[in-house]
Structure formats: C-alpha cells, structure tokens
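Below are some notes on the ligand site and on one sheet, set out as numbered points. Please read them with the structure open.

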Amino acid sequence: MGEKIIVNPKTRWYKDAVVYQIYPRSFCDSNGDGIGDLRGIISKLDYIKSLGVNAVWLSPIYKSPNDDNGYDISDYRDIMDEFGTMADFDEMIKGMHDRGIKLIMDLVVNHTSDEHKWFLESKKSKDNPYRDYYIWREGKGKKPPNNWMSNFVGPAWEYDETTGEYYLHLFSKKQPDLNWENPKVRQEVADICNFWFEKGVDGFRCDVITYISKVPGLPDGNFLKDAPLMGQHNYVMGPRYHEYMHELNERAFSRYDTMTVGEAAGITFKDAYKSIDESVGELDSVFTFEHVNADMYIQVFPHKLSLPKWKKILSNWQSLPLTSQPTLFLENHDQPRSWPRFVMYEKNNKELACKMLLVAMQMMRGTGYIYQGQEIGMTNIELKQEEYIDIMATRIFDTLKKTAPFLMPIARSAMAKRARDHARTPMQWDSSELCGFTTGKPWMKINPNHVDVNVEKQENDVDSILNFYRKFLHFRKGKDVIISGSYVPYYEKNRSLFVYNRVLGNKAYFTICNFKNKPISFKVPKDLNIKSSKVAITNYKEPVSDVLMSRKIAPFEAVVYELELK
Ligand code: NOJ
C-alpha cells in the first residue's frame with residue numbers, strides 16, 4: 001500500500017442530508033425500451049432538485065446480466081447496456097453537481113456476477129490465478145460443503161463440473177461470493193472505489209457489507225441460532241469484518257470527501273459505534289432493519305405493528321453518540337411501500353398519514369432517505385402469482401410448488417404484503433396509460449392507481465403529499481437542533497402517539513405524531529420548561545392549535561412546535 005494521500009478532508013456533509021434513492025430500472029425511460037435509464041434520470045434532475053434533497057443514491061448501474069437487477073455485476077467499471085453509456089454517466093453526475101446534489105453509488109462487493117471475468121477465470125481450473133478470488137470447496141460426499149442456505153432460498157452452494165468443486169453464493173447461484181481473505185480481492189475493491197471517486201462520485205451504499213467475512217472453516221449452521229437463515233451466524237459480522245472495513249476506509253473512503261452507508265443486517269445499536277463512529281474509520285453510517293422487520297415474524301410473516309415496540313427500536317438508535325450517525329428510512333427497493341403498512345393498514349386519510357410518517361421519521365437525528373415514489377404516496381401493487389418477477393418471490397413460489405405445495409396460499413398472502421416487487425413498479429409521473437415512465441412496453445407492470453397517484457397531479461395541488469415533502473425538507477435543512485440536538489422521547493408506552501423533543505441549548509422542536517385515524521388525548525409533559533411555543537410545521541392545512549397545550553391530537557396529525565425554553 002502506498003503513502004496515504006488525503007485529496008479532500010471530510011466535511012461530513014451527510015450529517016444534515018436527505019438522500020433520494022433511485023431504482024434506475026423503474027425511474028424514467030428515455031428511449032422507449034421499457035427500462036429506465038441514465039438519460040431518463042438526467043431529464044428529471046430539476047424535479048429531484050425541487051424536492052430539496054442533498055444527494056441521490058443510485059441502485060447499481062454497472063454492467064450486469066441482471067439476474068438480480070444489477071446486484072450481480074459483471075464489470076465494475078462500465079455501465080449496464082440498458083442504462084446507457086459512460087458519457088451519459090458523466091453528463092448525469094455533472095448535472096447533479098451543478099444542482100448541488102451529491103451522488104452515492106451502490107457498491108456490491110460481497111459477490112460478483114458469475115459472468116464477471118474473475119469468476120469465468122476462477123472456474124477454469126484449481127490453479128487458475130483467479131481461483132482464490134472466490135470461495136471454492138470440495139463437497140461432503142454427494143452433499144455441499146456445509147448446510148448454509150442462500151438468502152434467495154435453497155442451498156448456498158453450487159456444484160461446478162469443470163473442477164468438481166462447489167462455490168459459495170449467499171444469494172443466487174449467479175452471484176458467487178468473493179473471497180475477502182484474499183488480499184488481491186480487497187485491493188481490487190479499493191481500486192474500484194477510487195476509480196469512481198476519481199470520476200466525482202461522493203460516496204457508496206455498501207451492499208450486504210456485513211457478510212464479507214466468513215468464519216474460517218465454514219462450519220455448519222445451527223437452525224435454532226440461525227433461523228430463518230441457516231448459517232448466518234457464520235458470516236454476519238464475521239471475525240475479520242472490522243479489519244476489512246478499516247483497510248477499505250484507509251485505501252479509499254478516507255481519501256475523498258465521501259459518505260458511506262453500509263447495508264448492515266446484524267449490527268445492533270449497542271455495538272453500532274464500533275462500526276460507524278467517527279473515531280473508528282470504517283463506515284459513516286449503516287442501514288439496519290429492526291424497525292422495518294418489526295411487523296414480521298422471523299422476517300417473513302407479516303403481523304400488526306406494535307407502536308411502542310417500534311418507537312423503542314428507533315429511540316435506541318437515537319441514543320447513539322453524536323459522533324455516530326443514524327439513518328432514517330421507511331422504504332427502499334427491497335421493502336414494501338410504507339403506506340398503509342406503518343399506520344396499521346388504516347386506509348382512510350392517506351394524505352395526512354403519509355405526511356405524518358415523514359415528520360415522525362425525519363424530525364429525528366440522522367441522514368434521511370426517501371425512496372422514489374414515496375414522495376407521492378406510491379403503494380403496493382396487486383399481482384397475480386405469475387406476475388411477480390423479482391428473483392426472491394419467484395424462487396419462493398417455485399421452490400414451494402415443488403416441495404411443499406400446501407404452503408402456497410401462505411406464500412401468496414405473505415408476498416402480497418412483503419414482496420420486493422411492490423417497490424419496483426414504474427415511477428408514476430402522470431395519469432396517461434404508461435404513466436409517463438416509458439413509451440414502450442414497461443419491464444414491470446404499472447400500478448393501475450397511477451391514474452390518481454402521480455407527480456403531475458400532485459404538482460398542481462398545493463396540499464399534495466409531494467408539496468408537503470418539499471415544504472418539510474426545506475424546513476429541515478440546516479437546523480442545528482435537528483442535526484445535533486438531544487432526543488427525548490415521551491409517552492413511550494402510548495400505542496397511538498409518537499412524541500419526542502429535540503433540544504439544543506434553550507431551543508427545542510417538540511414533535512407529536514398521531515398514528516391513528518382518530519383523535520387521541522395528549523398532555524403537555526410536566527418537565528418542559530417552556531418560555532414560549534409556536535407551530536413550526538404541521539400536516540394540517542391550519543394548525544389545530546397555535547401553541548403547545550394539552551388537547552386532543554387530531555387524526556394522523558403531525559405537528560412540530562418550536563419551543564423557547566427557560
Ligand atoms: C441487498 C440488496 O438491497 C438487494 O436488492 C440484493 O438482492 C441483495 N443485497 C444482493 O446483492
């Protein structure tokens with residue numbers, strides 16, 4: 001490793017940022033092939049800017065055979081054919097930077113595509129120089145080397161006839177896991193990061209990054225410990241995870257003014273600082289999934305959300321030291337849509353509910369994330385079994401059909417709520433037949449509700465969800481109290497209200513959100529030393545009350561009071 005060159009000291013701009021996630025395949029198609037692309041994104045940059053976000057996170061745009069929509073990369077230094085060219089990329093990033101928007105790319109390096117040249121070489125023979133880029137093992141008789149299961153159903157090993165060995169794939173068999181124990185692999189990853197930093201990229205969202213270090217010897221999993229995913233304790237936050245991340249930070253992340261966020265199943269709020277604290281030099285933040293798994297048994301079967309349990313999870317993350325940055329999100333490309341999920345499936349008063357959820361999440365401390373379409377209240381789609389196209393749902397259906405057909409009705413009802421397809425329907429730009437997304441045959445079914453739920457309609461309505469998002473994000477920007485004020489939760493056991501105060505010196509923002517579609521009683525907490533109060537922002541057209549007082553909180557009301565304290 002050469003001498004460390006600091007090109008740009010860290011400004012930690014992400015502390016105050018809200019990031020807009022784009023799933024490029026479904027965002028905007030510029031050439032009528034039915035697939036979103038980079039020129040489509042370029043055409044919407046003014047729209048993105050108008051939202052008031054500071055950065056964009058792009059799901060993968062690299063060359064890929066698309067077994068998992070780009071999360072299977074065959075060339076890390078080139079653009080996927082359907083999405084455009086490197087010249088399009090250069091124009092897109094310039095367009096973003098000209099508008100003051102940073103660009104976060106997806107870094108998918110737990111695995112590559114099986115069509116990546118490293119894997120094609122690795123397969124050829126046991127002594128190929130690339131063999132050790134992947135995890136190859138002999139089987140146990142006719143069985144795979146261990147009992148680990150893939151995240152996409154079925155064994156995590158695939159037998160390859162050429163050399164008579166198995167390779168590990170924690171996702172699909174077209175996504176072989178890289179062998180991070182090999183120093184060459186780690187240097188390749190750092191070089192890829194630096195290649196994109198040199199092109200002006202401002203950071204990375206690191207895909208399943210907590211899976212990169214496997215327990216040596218790859219021991220069998222234990223169902224009781226691992227459920228629902230056999231083997232996971234042997235690779236989630238494995239023994240060399242911190243060492244690898246530290247090294248990557250040294251070689252790449254710390255050399256530019258970057259922001260990194262790791263997709264980090266397995267990191268708990270108690271040990272998060274070991275991975276994300278500014279003093280550590282690994283990642284800047286992580287996505288954890290406790291709060292979006294809180295309405296599921298063993299991460300699979302949906303059940304009703306308990307608000308106290310949910311608030312507790314979020315409050316735990318707020319208790320991190322100021323030097324450890326939380327993330328605030330409800331949606332992404334793997335999650336079902338947030339409405340009406342997080343308001344216990346109450347379908348009346350949608351506009352108020354969507355606006356309330358935004359305030360509830362983003363008055364907390366952390367980097368905010370909004371997933372495309374969330375800003376207009378896009379919803380899950382109704383699909384027939386044969387209309388699901390994501391690898392996760394199709395693998396579940398295919399496997400159960402063969403092995404346990406009696407479970408199919410349960411799988412169908414779980415997928416209706418849970419499938420990743422729900423977040424991947426085309427972005428609803430207008431009410432026309434193809435919703436302004438494409439002029440061709442869309443790669444995925446358009447949600448029929450685009451006739452009502454679309455950007456064009458909401459642009460023309462001052463009270464729309466979209467315009468509230470703009471108003472709120474504008475309000476949130478640059479507020480010291482929100483960036484670094486303390487977080488004090490109230491009424492933690494209350495099943496309807498989410499109430500918390502953010503305090504810095506003698507200034508505070510007191511947030512009250514009603515998760516129910518009916519009035520709920522609220523009493524001003526006794527310990528607040530209020531000198532004066534006024535409404536800072538509310539989702540109601542007119543504030544229900546101009547000052548903070550004990551009263552009924554209106555259905556789905558979200559209100560933030562600015563307090564001056566004694
Ligand atoms: C997490 C990504 O968010 C998901 O979409 C993908 O399928 C897996 N990682 C595998 O890369």
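1. The side chain of Asp207 places an N or O atom 2.7 Å from an oxygen atom of the ligand. The model is a predicted one, and this distance, computed from its coordinates, falls within the 3.5 Å limit for a polar contact.

2. Two histidine side chains also reach ligand oxygen. For His333, the separation between a side-chain N or O atom and an oxygen atom of the ligand is 2.8 Å. For His111, the corresponding separation is 3.0 Å.

3. How much of the ligand does the protein bury? On its own the ligand exposes 300 Å², and 98% of that is buried by the protein.

4. The ligand is surrounded by 13 residues. Asp68, Asp207, His333, Asp334 and Arg420 are the closest of them. Sorted by class, the shell contains 7 charged, 4 nonpolar and 2 polar residues. Histidine is placed in the polar class here, because charged covers Asp, Glu, Lys and Arg.

5. Turning to the sheet: β6, β8 and β7 make up an open sheet of 3 strands, in that order, with antiparallel pairing. Its edge strands are β6, residues 136-137, and β7, residues 157-160, each of which pairs on one side only.

6. How many bridges join β6 to β8? There are 2 bridges, in the antiparallel sense, with β8 spanning residues 165-168. Arg137 sits opposite Tyr166 of β8. In general, the strands of a sheet pair through backbone hydrogen bonds.

How values were computed. Residues numbered from 1 in each chain as written. Predicted model: local features only at pLDDT ≥ 70, side-chain atom pairs only at ≥ 80, totals over all residues. Heavy atoms only, no water. Pairing = 2+ DSSP bridges. Helix = DSSP H or I, 4+ residues; strand = E, 2+ residues; numbered from the N terminus. Near = heavy atom within 4 Å. Polar contact = N/O pair within 3.5 Å; in protein donor to acceptor, adjacent residues only side chain to side chain. Areas by Shrake-Rupley, 256 points an atom, 1.4 Å probe, with all protein chains shown as cover.
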